Amino acid sequence: MMEKIVIEGGHKLTGTVKISGAKNSTVALIPAIILADSPVSLHGVPNISDVDALSILLRELNCEVNKYEDMLVVDPSRLKNIPLVNDVVDKLRASYYLIGALLGKCKRVTMKMPGGCYLGPRPIDLHIKGFEALGAKVSYSDNGTYTVEADYLIGNKIYLDFSSVGATINILLAAVKAKGKTIIENSAKEPEIIDVVNLLTKMGAKIRGAGTDTITIEGVETLHGCNHEIIPDRIEAGTFLVIAATVGEKVTIQNVIPQHLEAVISKLKEIGVKMDVAAESIIVYGGFNNLKSTDIRTQVYPGVATDLQQPLTILLTQCQGVSQVVETIYPERFGHCYQLKLMGAKINQDESMCWVEGPTQLHGAQVYATDLRCGAALIAAALIANGVTEIGNVYHIDRGYENIDHKLISLGAVIRRINILEE
């Protein structure tokens with residue numbers, strides 16, 4: 001269904017919002033389940049389209065998948081290893097985690113090149129390097145599919161040239177059932193990796209060092225089912241922090257782990273946003289005057305997350321002076337800049353950075369989400385703009401934010417969805 005979100009700006013938000021389970025954890029945890037020989041239950045699963053897409057792919061592999069509100073139960077005991085060439089693979093980047101999981105379990109996988117948001121070239125070279133270090137052979141066919149296979153996997157020392165979250169997790173998934181010891185050096189430290197390791201450990205894996213730059217895996221022969229609670233989504237929490245800072249009066253954000261948000265909290269305080277940070281919640285107070293410009297540079301965890309770069313840009317349009325944003329992870333992640341200019345934002349962009357001049361009164365316009373986090377940024381911009389904003393390509397937003405329009409409506413936003421075909 002082709003939909004657009006229509007937002008009437010200028011309404012102050014107040015109330016309480018609960019953050020959902022982490023999208024970036026969930027899309028790795030679901031593929032990890034197929035390594036088990038009995039059912040796994042995930043709790044706190046967000047209701048997003050990426051979960052639906054992965055569920056389709058698991059059912060194609062003959063796994064039994066059942067969803068009960070925010071719980072997903074997967075029984076992989078009758079798994080059949082067939083080529084994954086379904087068009088669903090094109091819909092999400094995280095489908096590549098099925099390569100590591102199927103390689104670990106079946107020692108062979110054939111799959112299309114994964115899709116997802118276009119953020120510039122995002123090759124999976126580090127993933128392939130890791131699989132080859134474990135003894136796998138990788139081939140690429142003219143029809144656009146990878147085949148990764150091995151008679152058996154043998155543990156090895158693997159150094160990542162870049163601290164890639166995707167590569168770290170994918171190598172973990174392949175290595176947990178390899179023979180011997182695998183050491184991943186320069187591994188990523190993101191909380192989502194720790195979440196995946198916690199699940200695998202409950203399943204019987206032997207892993208040390210998650211959250212550090214060196215992860216050690218002792219291969220095991222079998223893994224079993226378990227129950228696992230997904231961590232809160234730090235990117236959704238950060239997005240609501242930005243929204244509350246721009247258009248909130250008093251907004252309480254519940255179900256958060258503040259330690260996962262230290263970089264963005266520090267930046268918001270530097271700008272002049274007033275907050276009370278508790279153990280599992282954050283209160284943001286509105287009515288700010290003379291917010292200060294600042295410079296933002298995205299970094300791997302624990303730095304400012306690349307996924308929050310676009311929403312943070314909206315806040316910078318309301319700050320006094322010129323702010324600089326440098327994107328070090330995905331240099332082409334600036335699709336939102338053109339859209340924001342249509343709303344009156346004063347932004348100059350050059351390769352991997354942009355400059356934002358503020359404060360600027362934004363106005364309603366017809367804009368399009370070019371990717372998931374661009375969509376979140378446009379929602380934040382529309383909430384503070386004068387007039388009505390229409391946001392197209394909302395399927396990008398639905399990939400990563402559970403019921404974001406309903407959550408905002410509960411805070412006082414004026415939002416509606418329109419089926420484009422019914423207009």
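Author: A salt bridge is a side-chain nitrogen of Lys or Arg within 4 Å of a carboxyl oxygen of Asp or Glu. Keep that in mind as we look at this structure, which is a predicted model.

Reader: Why is the contact between Lys267 and Glu270 called a salt bridge?

Author: The closest N and O atoms of Lys267 and Glu270 are 3.5 Å apart. The cut-off is 4 Å, so the pair counts as a salt bridge.

Reader: What separates Lys267 and Glu270 along helix α8?

Author: Helix α8 covers residues 262-271, and the two lie 3 residues apart in it, so about one helical turn separates them.

Reader: How do you know whether Lys267 and Glu270 are buried or exposed?

Author: Lys267 has 17% relative accessibility. Buried means under 20%, so Lys267 is buried. Glu270 has a relative accessible area of 39%. That value falls between 20% and 50%, so Glu270 is partly exposed.

Reader: How many salt bridges does the structure hold?

Author: There are 18 salt bridges. One of them joins Arg417 and Glu3, with 2.9 Å between the closest N and O atoms. This pair links distant parts of the chain: Arg417 sits in strand β23 (residues 414-419) and Glu3 in strand β1 (residues 3-8), 414 residues apart.

Reader: What makes Arg417 partly exposed?

Author: Its relative accessibility is 29%. Since partly exposed lies between 20% and 50%, Arg417 fits that class. Arg417 also belongs to a network of salt bridges with Glu3, Asp398 and Asp405.

Reader: What makes Arg333 and Asp307 a salt bridge?

Author: Their side chains meet at 2.8 Å, N to O, and the rule asks for a distance within 4 Å, so they qualify. Arg333 is in the loop between β18 (321-326) and α10 (335-342), while Asp307 is in the loop between β17 (295-297) and α9 (309-316), and the two are 26 residues apart. Both residues are buried.

Reader: Why is there no disulfide between Cys63 and Cys106?

Author: A disulfide is a covalent bond between the sulfur atoms of two cysteines. The cysteine sulfur closest to that of Cys63 is in Cys106, 9.4 Å away. The cut-off is 2.5 Å, so the pair is too far apart for a bond. The count comes to 0 disulfides.

Reader: How do you know whether Cys63 and Cys106 are buried or exposed?

Author: Cys63 is at 5% relative accessibility, which is under 20%, so Cys63 counts as buried. Cys106 is at 28%, between 20% and 50%, so Cys106 counts as partly exposed.

Reader: What makes Glu69 and Asn393 worth a look?

Author: Most residues other than glycine have a negative phi, and most peptide bonds are trans. Glu69 is not a glycine, yet its phi is positive, about 50°. Asn393 is not a glycine either, and its phi is positive at about 60°. Glu69 lies in the loop between β4 (64-68) and β5 (71-75), and Asn393 in the loop between β22 (388-392) and α12 (395-398).

Reader: Why is Glu69 called exposed?

Author: Glu69 has 76% relative accessibility, and exposed means over 50%, so the name fits. Asn393 has a relative accessible area of 26%, so Asn393 is partly exposed.

Reader: Where are the cis peptide bonds?

Author: One joins Tyr301 and Pro302, with omega about 15°. Another joins Gly358 and Pro359, with omega about -5°. Pro302 lies in the loop between β17 and α9, and Pro359 in the loop between β20 (353-358) and β21 (366-368).

Technical notes:
Residues numbered from 1 in each chain as written. Predicted model: local features only at pLDDT ≥ 70, side-chain atom pairs only at ≥ 80, totals over all residues. Heavy atoms only, no water. Helix = DSSP H or I, 4+ residues; strand = E, 2+ residues; numbered from the N terminus. Buried < 20%, exposed > 50% of the residue type's maximum accessible area, 1.4 Å probe, protein only.
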